Amino acid sequence: MPIDRWYRATDEEGLAHVYSLMQHEGLCLGLSSGINVAGAEKLARDLGPGHRIVTILCDSGRQYLSKIFNPDWLRARNLPTPPWMA
């Protein structure tokens, strides 16, 4: 099946979604899931109202506890640290 379109998302965009989903929905997800949500959001903006979009939350955040949920690791890579994590 051909791909209709694809979206590129940065680590920062993906992390913003990971942290938002953790804080507001209680979902502990990994960066791949955050990037999928970022892509779905971009698609939603392009399509406009009245469409249903499905994406896959493909990884848990458990394997990232020492990385994307570690403020020191994030700072060392100049990645954003959410205020609630500091």
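Helices, runs of at least four residues in the DSSP assignment, and strands, runs of at least two, are numbered from the N terminus. By that reckoning the protein has three helices and zero strands. Followed along the sequence, the pattern reads α-α-α. The model is a predicted one. Its mean pLDDT is 93, and 100% of the residues reach 70 or more. Among the elements, helix H2, residues 31-47, has the highest mean pLDDT, at 96, while helix H3, residues 71-76, has the lowest, at 94.

The overall dimensions come next. Measured out along the principal axes, the C-alpha trace spans about 40 × 25 × 20 Å. Of the 86 residues in the protein, 30% are buried. Contacts also reach across the sequence: among those between residues at least 6 apart, 58% join residues at least 24 apart.

The interior can be approached through its nonpolar residues. In soluble globular proteins, nonpolar side chains tend to be buried together. Here the largest nonpolar core has nine residues, namely Leu-15, Val-18, Tyr-19, Leu-31, Ile-68, Phe-69, Leu-74, Leu-79 and Met-85. Helix H1, which covers residues 11-25, gives the most to this core, with three residues. Met-85 is one of the core residues, and its contacts beyond four places in sequence are Tyr-19, Ile-68, Phe-69, Asn-70, Pro-71 and Leu-74.

Beside these core residues in the sequence stands Lys-67, in the loop between H2 and H3. Lys-67 has a relative accessibility of 39% and therefore counts as partly exposed, since that class lies between 20% and 50%. Apart from neighbours within four places in sequence, Lys-67 is in contact with Trp-73 and Leu-74. Leu-74 is also listed in the largest nonpolar core.

Two further residues bring H1 and H2 into the picture. Thr-10 lies in the segment before H1 and is partly exposed, at 39% relative accessibility. Thr-10 and Ile-35 are 25 residues apart along the chain, yet their C-alpha atoms are separated by 7.4 Å. Ser-33 is found in helix H2. Is Ser-33 buried or exposed? Ser-33 is buried, because its relative accessible area is 0% and the limit for burial is under 20%. Once neighbours within four places in sequence are set aside, Ser-33 is in contact with Leu-57, Cys-58 and Asp-59.

The protein also has pockets to consider. The largest pocket holds about 210 Å³ of space. Which residues line the largest pocket? The lining is made up of Arg-5, Trp-6, Tyr-7, Asn-36, Gly-39, Ala-40, Leu-43, Ile-53, Val-54, Thr-55 and Ile-56. By class, the lining has seven nonpolar residues, three polar and one charged.

The last stop is Asn-78, in the segment after H3. Its phi is near 55°, a positive value in a residue other than glycine. Asn-78 counts as exposed because its relative accessible area, 69%, is over 50%. Leu-79, by contrast, belongs to the largest nonpolar core.

Conventions: Residues are numbered from 1 along each chain as its sequence is written. This is a predicted model: local features need pLDDT of at least 70, side-chain atom pairs count only at pLDDT 80 or more; totals for chains, interfaces and linings use all residues. Side-chain values use heavy atoms; hydrogens and water are left out. pLDDT is the predictor's confidence in each residue, from 0 to 100. On a 1 Å grid over the protein atoms alone, a cavity is a set of points where a 1.4 Å probe fits but cannot get out, and a pocket is an open set with protein on both sides within 12 Å along at least five of seven lines; lining residues have an atom within 4 Å of a point. Grid points are joined across faces, edges and corners, and a volume is the space filled by probe spheres set on the points. Ala, Val, Leu, Ile, Met, Phe, Trp, Tyr, Cys and Pro count as nonpolar, Asp, Glu, Lys and Arg as charged, and the others, Gly among them, as polar. A nonpolar core is a set of buried Ala, Val, Leu, Ile, Met, Phe, Trp, Tyr and Cys residues joined through side-chain atoms within 4.5 Å. Buried means under 20% relative accessible area, exposed over 50%, partly exposed in between (1.4 Å probe, protein chains only). Contact means heavy atoms within 4.5 Å.
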